[in-house]
Amino acid sequence: MKYSRAYFVELVAKLRERYHLDEGCEFFLRLGLVFQDLFENYRYLYGDKSNWEYLLDKLCGLLVEKYQKREDFLKKIDREREKKPAWFFEKNMVGYVMYVDRWAGNVKGILRHKDYLREMGISFVHLMPCFAVPEGENDGGYAVKDYGSLKEGLGSIEDLKRVALDLKKEGIFLMLDMVVNHTSSEHLWAKKAKEGDLFYQNFYYMFPDRVVPDEFEKTMPEIFPETSPGNFTYVPEIRAWVMTVFHHYQWDLNYNNPYVLYEMVGIILDLANLGADILRLDAIPYLWKRLGTACQNEPEVHRLVQIFKACVSVVAPGVLFVAEAIVQPKEILKYFGEGENVGKECDLTYNASFMVCLWDALATRKVRLLTRTLLGQPHLPPMVSWLNYLRCHDDIGLGFDDEDVRAVGYTPREHRRFLVDFYLGHFPGSWAKGLPFMANPKNGDVRISGSLASLAGLEKALEEGNEEEKKLAIERVLLLYKILLSFRGVPLLYYGDEIGMLNDYSYREKKEEVNDSRWVHRPFMDWQKAKKRHDGESVEGRIFQSLVSLLEKRKNLEVLWPHVSQSIIDSGNEHVFAFVRSSSQDMLLVIANFSDKTQIVSGHLLEKIGMEKPIKDVISEREIPVSDGVMILEPYACWWLKEVS
Ligand code: OTU
């Protein structure tokens with residue numbers, strides 16, 4: 001069966017009759033816009049099933065049902081956003097991530113701290129997964145057992161809806177996690193599967209013996225080798241090996257089964273109907289498994305994401321997708337959709353390449369890898385954007401492109417070893433206090449945990465009572481913030497970093513956390529410490545006040561907003577990173593010294609980009625002299641340069 005206009009007309013007639021919708025209503029108009037793609041992608045994935053057309057009809061029926069349940073005020077917002085497809089990127093968007101329990105106690109508690117968010121000018125909050133999970137180990141919420149209720153103690157779904165609405169009234173949007181790749185082994189589907197229900201056993205990958213699992217293991221990497229080695233777990237109740245790529249209690253969903261897609265689309269739309277503005281698609285590279293491959297970034301994954309997107313754009317077109325794809329730079333890009341599919345997958349993508357290269361530049365004091373990697377990132381069209389960040393709840397994985405690493409003169413293996421040594425504080429002269437995460441003796445991989453401040457040297461400096469080091473550590477934190485807030489894309493701040501919260505080692509006393517060093521940077525928000533933010537002499541105040549001032553400047557500088565174009569430039573000094581943001585009205589040059597020594601940059605840089613002297617640094621409101629044809633940058637200095645008007 002091929003796509004035809006007649007097919008669509010017939011489908012519309014069926015749905016109209018079943019659901020009493022008008023033919024000319026927005027639902028059908030939207031469906032008409034995406035239907036051919038939806039059809040083709042669906043057929044590509046499930047065309048070998050004899051009843052695939054019936055299932056596609058059923059999926060469209062689900063869309064109508066969710067559309068009919070969507071509240072009117074959300075539909076109104078959808079319509080406004082449809083008129084301005086780049087609505088999110090034409091504004092000064094700044095996000096803030098938090099664990100609800102650790103930051104606010106429960107969902108309603110978020111509202112009690114609204115002023116704090118307002119003080120920073122936050123425009124959206126990302127709540128770490130807050131749906132029901134088993135007690136004990138649940139991977140920080142990423143092992144969901146029920147999307148219909150919240151985690152114990154966080155409140156009710158109604159509370160969450162209320163909070164979403166209240167925040168929206170304040171101009172703060174809501175980002176929620178959608179764990180699409182797996183469910184908890186305690187999810188109803190998994191329980192039924194364990195009871196022997198064949199329909200639900202087909203929701204997962206299950207094998208009676210090790211034959212197929214062993215084949216898979218030949219090419220699949222291990223994600224959590226220390227705590228969950230291998231990719232399969234034996235389930236004695238049904239004497240089967242279940243695929244568990246992450247932890248043994250996170251069962252991978254089998255998207256070969258169209259019923260899995262159906263259920264997951266339903267959940268995505270329920271989250272949208274709760275009032276979420278943005279959905280973070282967790283671990284999407286893993287959605288499709290194929291023997292003989294690493295089971296990441298398979299072409300079918302993109303088909304699936306396009307189906308998710310098409311469904312959302314019919315029911316809740318105001319809702320954006322964020323791709324959580326912490327993979328190789330070239331693969332990350334594909335989650336925006338390639339070629340004619342740009343805009344048909346994710347609207348935002350974590351810029352993991354940028355993040356890891358910033359840490360690389362701090363450790364090496366050189367910007368070669370940073371510059372080279374970013375030059376490899378194409379210009380993005382205005383309807384999609386990077387989600388830029390310095391730290392998040394996860395580890396830092398050293399996912400560079402080896403070709404880039406070699407091109408700038410390093411050996412990939414040795415360079416990674418150096419970075420790990422550096423951030424674990426083993427390398428002579430290192431200021432960092434990171435912890436290893438998931439060391440894999442089989443291939444030598446190690447990832448890094450640690451808070452922004454501790455990785456930037458603050459913890460060590462405070463321990464040693466070294467004032468000079470303390471000052472440098474704060475400068476490193478601010479250097480990173482100055483780049484984050486001027487770089488093209490949407491910046492996402494991680495809770496606690498704004499007041500320089502250090503590593504929290506208390507996880508070592510907790511049974512469910514002790515084996516996962518990522519908990520070291522997932523502290524309970526220290527509101528006492530936060531109070532010190534108004535004291536400009538304290539560490540908290542120095543970081544917080546500088547950050548807030550940067551955020552305010554950004555708010556008033558349209559040239560820094562996500563949709564304005566950017567080019568990375570060669571500063572002529574290997575320690576100095578430079579890029580230009582420019583619109584038809586304005587231009588801003590960012591120059592950043594990643595070394596702890598004073599650096600010189602030629603004034604020709606200004607001529608090259610057509611910037612005329614005199615120039616000033618918008619951050620310090622100071623005129624920057626170009627004497628003897630050079631500009632002099634203090635250690636860790638970062639300027640936002642503009643022509644003095
Ligand atoms: C994500 O991370 C979450 O951010 C983690 O907190 C979860 O543990 C995990 O999924 C499972 O739900 O491997 O080290 O390419 O890198 O999905 C973190 C994406 C992870 C993976 C990413 C995963």
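In this predicted model, Y350 is buried, its relative accessible area being 4%. Y389 is likewise buried, at 3% relative accessible area. The aromatic rings of Y350 and Y389 have centres 5.2 Å apart and planes at 90°; because planes over 60 degrees apart count as edge-to-face, the pair falls into that class. Y350 belongs to strand β13 (residues 348–350), whereas Y389 belongs to strand β14 (residues 385–389), so the contact between the two rings ties together parts that are 39 residues apart in sequence.

Strands β13 and β14 are both members of a closed barrel of 8 strands, which runs in the order β1-β2-β5-β11-β12-β13-β14-β17 with parallel pairing. On average, neighbouring strands of this sheet are turned by 25° against each other, direction ignored. Within the barrel, β14 pairs with strand β17 (residues 490–494) in the parallel sense, over 3 bridges. Here N388 stands opposite P491 of β17. On another part of the barrel, helix α13 (residues 299–315) lies across β11 (278–282) and β12 (320–323), and the helix runs at about 160° to β12.

A further sheet was identified beside the barrel description given above. This second sheet is open and consists of 3 strands in the order β7-β9-β8, with antiparallel pairing. The edges are occupied by β7 (206–207) and β8 (232–235); each has a single partner strand, so one side of each is left without a neighbour in the sheet. The pairing of β8 with strand β9 (residues 240–243) is antiparallel and extends over 4 bridges. In this pairing, T233 has V242 of β9 as its bridge partner.

Aromatic contacts were then examined across the structure, which holds 49 aromatic pairs. One of these is formed by Y200 and F203, whose ring centres lie 5.0 Å apart with planes at 55°, so the pair is tilted. Y200 and F203 are both buried. Elsewhere, ring pairs join Y3, Y7, F8, F35, F39 and W52 into a cluster.

Charged side chains also lie over aromatic faces. K58 is placed over the face of Y262, at 4.5 Å from the ring centre. R303 occupies such a position over the face of Y44, at 3.7 Å from the ring centre.

Note on methods: Residues are numbered from 1 along each chain as its sequence is written. This is a predicted model: local features need pLDDT of at least 70, side-chain atom pairs count only at pLDDT 80 or more; totals for chains, interfaces and linings use all residues. Side-chain values use heavy atoms; hydrogens and water are left out. Rings of Phe, Tyr and Trp (its six-membered ring) pair if their centres lie within 6.5 Å; planes under 30 degrees apart count as stacked, over 60 as edge-to-face and the rest as tilted. Buried means under 20% relative accessible area, exposed over 50%, partly exposed in between (1.4 Å probe, protein chains only). Helices (H or I, at least four residues) and strands (E, at least two) are DSSP runs, numbered from the N terminus. A charge sits over a ring if NZ of Lys or CZ of Arg is within 6 Å of the ring centre and within 35 degrees of the ring normal. Two strands pair if DSSP finds at least two bridges between them. Axes are lines fitted to C-alpha atoms, for helices over the stretch in contact, and angles run from 0 to 180 degrees between N-to-C directions. Contact means heavy atoms within 4.5 Å.
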